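Colleague: Could you walk me through the disulfides in this one?

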Amino acid sequence: AVSGNGSTGTALTAAPGDIALLPCYTDGNVTPTLTTWMKNGREVSRGVGSSPSPSPAGQRLTVLHDGSLNIRGVMPGDEGSYLCNSTLPGNNSYRASVLLQVASGPENVSASIGPATALSNGTLIAYRGSTVSFNCSGSSYPSQQLTWAFRGASSSNESLVSTSGSWLVFRIEDIQPSAQGFYSCMAHNTFSHQAVNKSTQLLVYYVPDRHPECMWAPALDPSHVKFTCTWFGAYPTPTLRWGKDQGDQGSHWKGHVYASEVMDSLSVTLNRSMLSDGETLRCMAQHLALAPGKEKSCSFTLKPPFPEGEPLAAALEATSVTLTCTEAVSTPPANTTWKKGLQQEDIVPGSKYVLSEDGPVFKLTILNISKDDEGVYFCRSENPLAVRELEFYLTVRTSSAYTGAVIGIFIAALIVGSAAIIAKTVYSSRHRICLGSGFGQMEEDRGDVLSLVDSDDEQIFQDAVPRLPPLTNGCHTTLVQIHRIPSS
């Protein structure tokens with residue numbers, strides 16, 4: 001039996017779509033005679049005795065025979081405070097309150113990844129080596145779990161980190177291309193098992209540290225050249241551009257563009273009329289991973305060929321001679337060949353001619369030289385800018401010509417030697433020549449006497465010296481005597 005008046009309170013939680021049963025009298029197995037359910041001060045359902053009665057609002061709310069309120073297909077609007085008034089047999093009454101909470105969420109789920117650049121389709125871009133933060137947030141009632149998951153080329157829906165709170169953060173430092181893929185922020189209501197998933201694709205862009213590589217290759221026509229630029233190892237594919245510099249280059253490139261394509265290898269063929277001495281051809285690589293003004297490039301300055309060497313050469317018959325030509329300044333490198341004669345006939349290597357090359361030095365060796373080899377030879381250098389030729393002239397001499405030269409040299413040496421002997425003789429007899437003796441008197445009797453006598457006293461003796469009569473040979477002779485003065 002149920003006695004007296006009573007009251008109780010209960011709290012329930014239901015998920016949207018579930019069936020919620022709100023109890024009224026739970027103290028005994030007694031069927032109330034009348035039960036009324038009110039929500040927020042307004043009656044929502046009534047039941048009489050053992051006959052359940054649907055609510056005026058429809059069939060979702062029903063008072064069962066024990067006074068409980070059955071709510072089918074719970075909706076968020078069903079949430080609130082319910083009050084049950086039951087009249088029991090014996091004119092007793094019972095009152096119970098029930099707080100119905102409807103599980104909600106996840107809602108306001110938000111995912112952010114940064115720093116990153118967004119493309120027009122919503123895909124995010126990060127750059128290799130940067131630090132990227134991943135933020136996930138949301139709200140659910142009564143509880144939730146937040147999770148970051150990753151799906152990439154080598155993994156499928158891998159859970160990275162999770163929490164039961166309302167905010168989840170993690171970071172990737174020095175991000176690498178292997179971290180490229182789909183990142184999902186998942187919010188899960190642990191009561192209602194409702195889940196919200198926000199997924200974002202993250203791409204990791206990168207470029208190689210090196211500059212592009214510029215190359216050239218000769219075409220079939222020597223006045224044409226094929227320039228190739230390669231830059232492998234960038235993601236996504238870079239934009240390569242061939243052009244020539246114009247004017248002073250500031251922070252931004254200025255020039256004429258020959259070709260521009262999205263590829264990692266770009267070739268362009270130019271002819272001689274499009275090229276000029278001293279101009280700079282440049283290949284520039286553009287990529288989102290490169291900041292403006294930081295484009296990588298390779299370039300070269302065009303120069304025509306300029307062969308150098310000694311243009312005159314001479315050789316003796318039946319010997320060999322080597323003509324040397326150096327060409328080291330042309331860009332692109334010139335093709336250097338040897339030609340013979342005014343008609344510039346090709347020189348074919350063999351038993352007569354030997355061609356050799358050592359870097360920029362080109363040599364032509366002519367073996368067993370004859371008079372027929374005398375004449376003009378050309379060192380011809382050609383690149384896409386111009387053709388330059390260095391002319392050599394080879395003189396071939398016979399052995400008789402060298403014999404006459406040897407005789408001439410001998411006679412000249414003999415004359416020079418004789419003159420030297422005569423000069424020495426004249427110099428040694430110069431005093432007699434001055435006295436008029438001539439060469440014929442050199443060996444005749446020398447009658448002149450010069451006597452030098454010591455004196456104890458330093459006195460000067462002066463006296464008239466008579467001139468002797470002329471001799472028979474026509475020469476005048478003076479006798480000078482210096483006597484010693486006796487001391488007193």
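Modeller: What follows goes through the disulfides and their surroundings. This is a predicted model, in which local features need pLDDT of at least 70 and side-chain atom pairs count only at pLDDT 80 or more, while totals for chains, interfaces and linings use all residues. Residues are numbered from 1 along each chain as its sequence is written, and side-chain values use heavy atoms, with hydrogens and water left out.

Colleague: How many disulfides does a search of the whole structure find?

Modeller: The search finds five, a disulfide being a pair of cysteine sulfur atoms within 2.5 Å.

Colleague: What does the disulfide of Cys-24 and Cys-84 tie together?

Modeller: Cys-24 lies in the loop between β2 (20–22) and β3 (34–39) and Cys-84 in strand β8 (residues 80–88), so the pair ties together parts that are 60 residues apart in sequence. Strands here are DSSP runs of E, at least two residues, numbered from the N terminus. The sulfur atoms of Cys-24 and Cys-84 are 1.6 Å apart, and the link is left-handed, with -75° about the S-S bond.

Colleague: And are Cys-24 and Cys-84 buried or exposed?

Modeller: Both Cys-24 and Cys-84 are buried, meaning under 20% relative accessible area, where exposed is over 50% and partly exposed is in between (1.4 Å probe, protein chains only).

Colleague: Switching pairs, why is the disulfide of Cys-136 and Cys-185 right-handed?

Modeller: The torsion about its S-S bond is about 60°, so the disulfide of Cys-136 and Cys-185 is right-handed. It links strand β13 (residues 132–141), which holds Cys-136, to strand β17 (residues 181–189), which holds Cys-185.

Note on methods. Helices (H or I, at least four residues) and strands (E, at least two) are DSSP runs, numbered from the N terminus.
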